[in-house]
Amino acid sequence: MMSNENELSHRFEINGRDFSNAGRASTSIKEILQEIGIDSSIIVRAAIASYEAEMNVVMYAHRAVLTLNVTPEKLHLKLEDEGPGIENIDLAMKEGFSTATDEMREMGFGAGMGLPNIKRNADEFEISSTPGKGTTLKITICLDSTQKK
Amino acid sequence: MKEYFHSIRIDPEKCEGRMKCLRVCPTQAIRVRNAKAMIIAEKCIDCGECITVCPHSAIVPLTDPFGELTKFRHTVAIPSPALYAQFGREILPEKILSGIKNLGFDDAFDLALTCGEVSFAIQEYLREYRGPKPLISNACPTVVRLIQVKYPELIDQIIPIELPRELAAREIKKKKSKQLKLKEKEIGTFYLTPCPVKMISIKQPAEKGKSFLDGAISISDIYGPLLSAMEGIKKGSYRKALENICILGVGWAMVGGICRTLRLKNSLAVSGLGEVLKVFDDIERGKLRNIDFVEAYSCAQGCVGGSLTVENVYISYNKILKLIENLEFEQIKACPDIREVRKLYKQKYFFIKGKFEPRPLKPLDKDLAKAIKKRKEKEDIYESLPKIDCGACGAPTCLTFAEDVVKGEAELIDCIFNLPQKFTDLSLELSELLKKPACLSQTKSSPKKTSKKGKTIK
């Protein structure tokens, strides 16, 4: 990965079914962003998007790597997972659609809000998936106020 | 930057730099410099954890001394309901209130009724509210400060209803000044506090308004004198004090008291700062959006666990439960008149005057590009450290030390693991000097430099 002076990058590993550590990456991301003085409304968007992404991995995938990249202009989050992938992305992006099991629903997840919620908090959103292999998610949030959504 | 008032002071005479406070501080606001602890004002949320843990009682809460009473023509004590849990079970609030009067206050006001009214006002607010959920109780000033510092996005979820002690003080001043034909400022209202943070909420309210209270006296300071002052008071001799009490309000002394008395179904109560942090993280992630109301206290078990209380916290928690039962037995009214509360609520009687504003920590740099650079430096420094959080450098963790170095507030050499390297450098420097004795007389700067550095590692 390219690393220059003006770019901060962090890598988080997330494991499927690891509910006890779920949320750690998003907490770290929030702390990093607070330290460098990012506006709190943006921090919340990044924290929600990364948390939902993290939970998706914990619930459905085997493992994933989440990378955070911050430059003075933009914040990028990239999530690459190894897992079942998504058969029909359009369907998965619909609010209320979920393949969550009853157990997951009991824990308060699986409302079918995950991906739409990530998209809502992003300025740019890209998703690609290979069924049987995994899903890649890329989101961008603009930090420069002139480019804000 | 604006100065923050804090209710906690470290007495350098007493401080022996034992670093207990350093480790226990939940916001990493303490550093030990030259063997003395110091507080970083910007980071401190006045939770009082350091007071409890200091083995030398060097950390003192800044509450008011008793002598303050003489400044006023008429004085009223407003005890926190947590005071009722400090004595034997047979001692009911009426006796405690009359004991307070024996201590020299002109009057003692039971806060429970006001607490009950505020509970109802919260209920009204919950019913009308349509914004993001859950709403968060403002009863604990440390929690409010925690939100201001660490969770600025949750600030609009803090309930903007005035605290019972403030409402009580406001109304007492109004009423008494008419009754006694005195000016409001001639009436002194003193809160008997279970924790130091109430003191700052008086000196510097979070919402930037002005407090109606004139001071706070620590429960632990008043405990001994009050015990003696209660001797000989017979049960029922101060029955009048009970007219004001209400069962609904006594619960404010413990965690879950508000939820319990309002019988809120969709609420949760949390106590202890570590637990509060977990719950707030979940709120921020949107995980608790189906909860209506969160009651959070920095001290374990709520106000009965405050650092200025005397009784064991679990005992006092049970005593509050027992007291509620006892009061029911004494046929004390359970709650204030809800119609009256609703009427006052509509008149904005309960709302705070100011507004809660965020108080985010200073970033590593104002300029984002520079902040990013510093953040990377911090990481590089951290990677070079032993990561055992020994605290010998005076910072609570290796990570905070790395941050201090980046901010220019500490030097890498302060880490004892960097000492061997420093010795090597110094000995090299020395042997260089010995090889060239002539330069000692020629240049003054280099030996001077050595001695300066030698001093820092002493």
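What percentage of the contacts in chain A between residues at least 6 apart in sequence join residues at least 24 apart? The exercises below start there, and they all use a predicted model.

**Exercise 1. Describe the make-up of chain A.**

Solution. Begin with the contacts: 61% of those between residues at least 6 apart in chain A join residues at least 24 apart. Next, list the secondary structure, which in chain A comes to five helices and five strands. Reading along the sequence then gives the order β-α-α-β-β-α-α-α-β-β. Finally, look at burial: 36% of the 149 residues of chain A count as buried.

**Exercise 2. Work out how helix 1 and helix 2 of chain A are oriented, and which residues join them.**

Solution. Step one is to find the helices: helix 1 of chain A covers residues 24–35, and helix 2 of chain A covers residues 40–60. Step two is the geometry, where the two axes come within 8 Å and cross at roughly 160°. Angles over 145 degrees count as roughly antiparallel, so helix 1 of chain A is roughly antiparallel to helix 2 of chain A. The crossing of these two helices is right-handed.

Step three is the contact itself. Helix 1 of chain A contributes A:Ala25, A:Ser26, A:Ile29, A:Lys30, A:Leu33 and A:Gln34. Facing them from helix 2 of chain A are A:Ile43, A:Ala46, A:Ala47, A:Ser50, A:Tyr51 and A:Glu54. Sorted by class, the residues of this contact are seven nonpolar, three polar and two charged.

**Exercise 3. Characterise the side of chain A that touches chain B.**

Solution. Start by counting: 21 residues of chain A are in contact with 20 residues of chain B. Now ask where the chain A residues come from; helix 1 and helix 2 of chain A each supply at least two of them. The largest share, six residues, belongs to helix 2 of chain A. To finish, the classes on this side of chain A are 10 nonpolar, nine polar and two charged residues.

**Exercise 4. Give an overview of chain B.**

Solution. First take the domain assignment, which places domain 1 at 8–60, domain 2 at 66–346 and domain 3 at 368–456. The centres of domain 2 and domain 3 of chain B, taken over C-alpha atoms, are 50 Å apart. The C-alpha atoms of the chain B fill a box of roughly 95 × 50 × 40 Å along the principal axes. Chain B holds 19 helices and 11 strands, and buried residues make up 45% of its 458 residues. Of its contacts with a separation of 6 or more, 76% are between residues 24 or more positions apart.

**Exercise 5. Decide whether B:Leu154 is buried or exposed, and find its partners.**

Solution. Locate the residue first: B:Leu154 is in the loop between helix 5 (141–150) and helix 6 (164–180) of chain B. Then apply the cut-off of 20 or more C-beta atoms within 10 Å. B:Leu154 has 23 such neighbours, so this residue counts as buried. Leaving aside neighbours within four places in sequence, B:Leu154 is in contact with B:Ile136, B:Ile147, B:Phe280, B:Ile283 and B:Glu284.

**Exercise 6. Analyse the packing of helix 4 and helix 14 of chain B.**

Solution. Helix 4 (residues 112–128) and helix 14 (residues 338–346) of chain B pack at about 60°, with axes 10 Å apart. Their crossing is right-handed. On the helix 4 side the contact uses B:Glu117, B:Phe120, B:Ala121 and B:Glu124. Helix 14 of chain B answers with B:Ile338, B:Val341, B:Arg342 and B:Tyr345. The class count for this contact is five nonpolar, no polar and three charged.

Key
Residues are numbered from 1 along each chain as its sequence is written. Chains are lettered from A and ligands numbered from 1 in the order in which they are written. This is a predicted model: local features need pLDDT of at least 70, side-chain atom pairs count only at pLDDT 80 or more; totals for chains, interfaces and linings use all residues. Domain bounds come from an automatic or database domain assignment. Helices (H or I, at least four residues) and strands (E, at least two) are DSSP runs, numbered from the N terminus. A residue is buried if 20 or more other C-beta atoms lie within 10 Å of its own, exposed if 12 or fewer, and partly exposed in between; C-beta atoms are placed from the backbone. Two residues are in contact if their C-beta atoms, placed from the backbone, lie within 7 Å. Axes are lines fitted to C-alpha atoms, for helices over the stretch in contact, and angles run from 0 to 180 degrees between N-to-C directions. Angles under 35 degrees count as roughly parallel, over 145 as roughly antiparallel, 65 to 115 as roughly perpendicular and the rest as oblique. A crossing is left-handed if the near helix is turned anticlockwise from the far one by less than a right angle, and right-handed if clockwise. Ala, Val, Leu, Ile, Met, Phe, Trp, Tyr, Cys and Pro count as nonpolar, Asp, Glu, Lys and Arg as charged, and the others, Gly among them, as polar.
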